[in-house]
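Here's a quick walk through some strands and helices. Have the structure open and follow along.

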Amino acid sequence: MRILFHLGHPAHYHLFKNTISALKEDKHEVNILIKKKDVLETLLASSSFEYENILPEGRKDSSLSMILGLFKQTIRMILYCLKNRPTVLIGTSTAIAYTGFILRIPSINVTEDDFDVVPIFSKITYPFATDILTPNVCRMGKWRKKTFFHKSYHELAYLHPNHFIPNENIVSKYISEDQKYFILRFAKLTAHHDFGISGINNEIALKIIDILSPHGKVYITSERELSAELEPYRLQIEPKDIHHLIYSSSMFVGDSQTMAAESAVLGVPSVRFNDFVGKISYLNELERTYNLGYGIRTNEVNKLYSTIEKLIKNENLHKDFQTKREHMLSEKIDYSKFLTWFIGNYPKSREVLRDNLNYQDIFI
């Protein structure tokens, strides 16, 4: 089978990397298209994957630029598909849905966002997608009939113990082995679905640093520019190493959805501060059902500080959260293994799931 993956964000590289490798091992022909986005191309360049960048010029964070970028990607993807004739398209983008619809190629849209959290994306994408894959806690509205729900998270496609083994040697390249440290993450919050969403500003960041500094070193990883006061805390690392540093950290605090979820599934206390709190089902489950994180809205800044202070005082913090992680893992599947089976056996796999919704239990 000829399989085309479209990656539009660094998180998508991690999401699909193990599945791509497994499909290649199973003798499928796999091609990868990407667009310019943060460190995405850096991650791919450090891998053994061949890829083609269909939006090397990137785009600005404006509505007009987003529309133009979508148009360019769709046209270029159509031209690529006319030349290479893939059997199925995989990704998280609107472009694969449009390309598949126009060329009559099945498209599988992989998401972990509730339809009403990304309403514009849902309205312009899902009507044209062939199938949708999403965690079983997500709301999909009127698109439920074309959705296959699974018992996992995107982050378990690459941070499940079957795929991720923490490496202290990697951590020691950047941080002293006996050093206790905390990671802060600041997202750009400029995507189309981030309109009206705020997170950690400079004043709040400095207060968090004041709280954490007496207990260990503070490092910042940021998508956005940092002020002169915060720049000295920036963590300079190779992007592919970040998950090893998260695992060995004592706490994560940030306004990023993805890194908060990554910290949670690794069993690292995760404190998320933004206006998405309470709206995203899979994060609600991680934070409320498995107690692996704390979601705090931006009108509760004092709660943010008190939560961080409370966690610091817990002498069994690491052990407690690793126990919670084991509980979560016992109820979730290896998502990469599931994706590999679903894509590699497509379209037969969709019929198997229609007939037996418990089939995915074998992927635990």
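Which residue of β4 is the bridge partner of F5? That partner is I90. Keep in mind as you read on that this is a predicted model.

## Strand β4 and its neighbours

The F5 bridge belongs to a longer pairing: strand β1, residues 2-7, runs parallel to β4, with 4 bridges between the two. β4 also pairs with strand β5 (residues 107-110), again in the parallel sense, this time over 3 bridges. One of the residues to look for here is L89, whose bridge partner in β5 is S107. To get from β4 to β5, the chain goes through helix α4, residues 94-103, and this β-α-β crossover is right-handed.

Now look at where the β4 residues point. In a regular strand, side chains alternate between the two faces of the sheet. In β4 (residues 88-91), V88 and I90 point one way, while L89 and G91 point the other way. Whichever way they point, all of them are buried.

## The five-stranded sheet

Further along the chain, 5 strands make up an open sheet with parallel pairing, and the order is β9-β8-β10-β11-β12. At the edges sit β9 (217-222) and β12 (293-296), each pairing on one side only. Going from one strand to the next, the twist averages 15°.

For a closer look, try strand β8 (residues 181-186) and its neighbour β9: they are parallel and share 6 bridges. Among the residues involved is F182, which has V218 as its bridge partner in β9.

## Helices on the sheet

What packs on this sheet? One helix is α7 (residues 202-212), which touches β8, β9, β10 (251-254) and β11 (270-273). The direction of α7 makes about 170° with that of β8. Another is α10, which touches β11 and β12, and its direction makes about 120° with that of β12.

## Where α9 meets α10

Helix α10 (residues 281-289) also has a helix partner: its axis and that of helix α9 (residues 257-265) come within 11 Å and cross at roughly 35°. The crossing of α9 past α10 is left-handed.

Which residues make the contact? On the α9 side they are Q257, A261, A264 and V265, and on the α10 side Y282, L283 and L286. By type, that's 6 nonpolar residues, 1 polar and no charged.

Technical notes: Residues are numbered from 1 along each chain as its sequence is written. This is a predicted model: local features need pLDDT of at least 70, side-chain atom pairs count only at pLDDT 80 or more; totals for chains, interfaces and linings use all residues. Side-chain values use heavy atoms; hydrogens and water are left out. Buried means under 20% relative accessible area, exposed over 50%, partly exposed in between (1.4 Å probe, protein chains only). Two strands pair if DSSP finds at least two bridges between them. A crossover is right-handed if, with the strands pointing away from the viewer, the path from the first strand over the helix to the second runs clockwise. Axes are lines fitted to C-alpha atoms, for helices over the stretch in contact, and angles run from 0 to 180 degrees between N-to-C directions. A crossing is left-handed if the near helix is turned anticlockwise from the far one by less than a right angle, and right-handed if clockwise. Contact means heavy atoms within 4.5 Å. Ala, Val, Leu, Ile, Met, Phe, Trp, Tyr, Cys and Pro count as nonpolar, Asp, Glu, Lys and Arg as charged, and the others, Gly among them, as polar.
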